[in-house]
Amino acid sequence: MARLPLRDRTGNLLVAVRRVAESELPRLVPLPAALVVAVHAGAVLMLFDRRRRQWELPGGMREPGERCREAAARELGEETGIHGVPLTFAAVAEFDLVAPARREFLAVYRTELVTAPRLVPSEEGLGFRWWPPREPVEADMSPLDAELAARVT
């Protein structure tokens with residue numbers, strides 16, 4: 001695992017990864033988004049983001065009134081076609097983001113997939129890959145998402 005804070009190519013920082021109980025989430029600072037670490041055969045599912053042009057974890061912003069777990073499940077389904085899998089709360093990730101400048105916290109969930117799912121591309125993603133966290137992080141991969149994946153697998 002890398003030492004934190006960890007910076008990506010645009011200057012965003014992964015500051016910390018905190019293990020807390022999911023029941024504590026409502027008491028924490030607002031969590032505007034959730035990510036999912038989907039694991040199959042020791043590899044993590046990464047999505048190639050159309051806008052940012054890099055491999056990332058599936059996930060995204062919460063909708064009004066939506067809980068973090070609901071956002072994680074919805075985003076996983078929308079971005080990959082994976083529905084109805086059990087999600088385990090893994091951690092809260094703390095970021096310092098640059099555009100616009102802000103501190104942001106995200107809920108991170110994990111799911112273990114027994115069989116390889118049929119992946120369905122969305123308009124957000126251009127493709128999928130299974131990345132083993134023991135392999136190096138390539139230049140076209142988000143080092144922040146790769147670090148989160150490595151820490152929760």
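**Salt bridges and the burial of their partners**

Arg74 has a relative accessible area of 18% and is therefore classed as buried, given that the buried class comprises residues under 20%. In this predicted model, the side chain of Arg74 meets that of Glu75 in a salt bridge, with an N to O distance of 3.1 Å. Glu75 likewise counts as buried, its relative accessibility being 7%. The pairing belongs to a wider arrangement, since Arg74 and Glu75 are linked with Glu63, Glu66 and Glu78 in a network of salt bridges.

Two further pairs each join a buried glutamate to a partly exposed arginine. In one of them, Glu94 forms a salt bridge with Arg103, and the closest N and O atoms of this pair lie 2.2 Å apart. Glu94 is buried, with a relative accessible area of 5%, whereas Arg103, with a relative accessible area of 46%, is partly exposed. In the other, Arg52 is bridged to Glu56, the separation between the closest N and O atoms being 2.5 Å. Here Glu56 is the buried partner, at 7% relative accessibility, while Arg52 reaches 36% and accordingly counts as partly exposed.

Pairing of this kind is possible because side chains of opposite charge can pair when their charged atoms come close. The structure as a whole holds 14 salt bridges, among them the bridges of Arg74 with Glu75, of Glu94 with Arg103 and of Arg52 with Glu56.

How values were computed
Residues are numbered from 1 along each chain as its sequence is written. This is a predicted model: local features need pLDDT of at least 70, side-chain atom pairs count only at pLDDT 80 or more; totals for chains, interfaces and linings use all residues. Side-chain values use heavy atoms; hydrogens and water are left out. A salt bridge is a side-chain nitrogen of Lys or Arg within 4 Å of a carboxyl oxygen of Asp or Glu. Buried means under 20% relative accessible area, exposed over 50%, partly exposed in between (1.4 Å probe, protein chains only).
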